[in-house]
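Got your viewer open? Switch to a cartoon view, keep the selection box handy, and we'll go stop by stop.

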Amino acid sequence: ADAILVQTQEQEAILRQRDWSYVGIIRNPVDVRRFGQWENAYDQRQGCLWIGRYDRHHKRPHSLVRLAQLCPNIPFTAIINPGDRAIEAEIRANRPTNLKLIPYVPASKMPTYFSEHRLFLSTGSPEHEGFPNVFLEAAAAGTPIVSQYDFDSFLSRSGCGVVSGEDFPGAAELVQQLHG
């Protein structure tokens, strides 16, 4: 290959350590006009939004369930696409009452979901995915982010959210504080 294109500065650094002479970064696109026209004022928003699929490694819905259990007074909405059927059965069996599961939402409706929710929760793993487009969409919609990881240092650089790490009680406290 003459060049390798990556999504994040972290991926670029890894390849440069391996002596790749040309590595380019292609940033994720998001049409801020679609997300920037907030339908609801922030004080009218409720709940915490999560987006992913039924899997064990990428989006990690088990972490969502655990955080929803730790925050029983906050409504959680999970837009959760098909994936591993065994994991879907586990999530459905352990779902707390404050967690609503929505199987699919077309891309055209995503701005509405972001504008209806007070927070966006990310439980994704940087070991298994690149930069999440949903960070850009949440930021464009004015929806603060609580994430277990700071992909490409986006949250620390932009101020669009906070990082909890794998500390579930700490993450639950952040969700509760930001939800208000």
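Here is a short tour, from the sheet outwards to some single residues. Keep in mind that you're looking at a predicted model.

**Stop 1: the sheet**

Start by selecting the strands. There are six of them in an open sheet, and reading across you get β5-β4-β3-β6-β7-β8, with parallel pairing. As a reminder of what holds such things together, strands of a sheet pair through backbone hydrogen bonds, either parallel or antiparallel. Now colour residues 99-102 and 161-163: these are β5 and β8, the edge strands, each pairing on one side only. Look along the sheet and you can follow the twist, which averages 20° from one strand to the next.

**Stop 2: β3 and its neighbours**

Next, select residues 48-53, which is β3. Is this strand mostly covered or mostly open? Mostly covered: five of its six residues are buried.

On one side, show β4, residues 76-81; six bridges join β3 to β4, and the two run parallel. For one specific pair, pick R53 and then its bridge partner in β4, N81.

On the other side, bring up β6, residues 119-122, which pairs with β3 in the parallel sense over three bridges. Here the pair to click is C48, which stands opposite L119 in β6.

Carry on across the sheet from β6 to β7. Three bridges join these strands, again running parallel, and L121 has V146 of β7 as its bridge partner.

**Stop 3: the helices on the sheet**

Add α3 to the display. Together, β3, α3 and β4 make a right-handed β-α-β unit. Rotate until you look down on the helix, and you should see α3 lying across β3, β4, β5 and β6, running at about 165° to β4.

Then select residues 168-179, helix α8, which packs on the sheet and touches β4, β6, β7 and β8. Its direction makes about 175° with that of β7.

**Stop 4: α3 against α4**

Keep α3 (residues 61-70) and add α4 (residues 85-94). How do these two helices cross? Their axes come within 10 Å and cross at roughly 5°, so α3 is roughly parallel to α4.

Show side chains at the contact: P61, H62, V65 and Q69 from α3, and I87, E90, I91 and N94 from α4. Colour these by type and you'll get four nonpolar, three polar and one charged.

While Q69 is on screen, add R95, which sits in the loop between α4 and β5. R95 and Q69 are 26 residues apart in sequence, yet their C-alpha atoms are 8.3 Å apart in space. R95 counts as partly exposed because its relative accessibility is 38%.

**Stop 5: two positive phi values**

A Ramachandran plot is handy here. Most residues other than glycine have a negative phi, and most peptide bonds are trans.

Against that background, pick R60, in the loop between β3 and α3. Its phi is near 55°, a positive value in a residue other than glycine. R60 is also buried, with a relative accessible area of 14%.

Then jump to S153, in the loop between β7 and α7. The phi of S153 is near 60°, again a positive value in a residue other than glycine. Is S153 buried or partly exposed? At 30% relative accessibility, S153 counts as partly exposed.

**Stop 6: D150**

Stay in the loop between β7 (145-147) and α7 (154-158) and select D150. D150 counts as buried because its relative accessibility is 18%, and the cut-off for buried is under 20%. Setting aside neighbours within four places in sequence, D150 is in contact with E10, L155, S156 and V163. For a distance check, draw a line from D150 to F114: their C-alpha atoms are separated by 19 Å, with their positions 36 residues apart along the chain.

**Stop 7: H179**

Finish in helix α8, where you'll find H179. H179 is buried, at 8% relative accessibility. Which residues does H179 contact, leaving aside neighbours within four places in sequence? Show Q46, G47, I74, R118 and L119. You've already met L119 as the residue of β6 that stands opposite C48, which makes a good place to stop.

Terms used:
Residues numbered from 1 in each chain as written. Predicted model: local features only at pLDDT ≥ 70, side-chain atom pairs only at ≥ 80, totals over all residues. Heavy atoms only, no water. Axes fitted to C-alpha atoms, helices over the stretch in contact; angles between N-to-C directions. Helix = DSSP H or I, 4+ residues; strand = E, 2+ residues; numbered from the N terminus. Parallel < 35°, antiparallel > 145°, perpendicular 65-115°, else oblique. Contact = heavy atoms within 4.5 Å. Nonpolar A, V, L, I, M, F, W, Y, C, P; charged D, E, K, R; others polar. Buried < 20%, exposed > 50% of the residue type's maximum accessible area, 1.4 Å probe, protein only. Pairing = 2+ DSSP bridges. Right-handed = clockwise from strand over helix to strand, strands pointing away.
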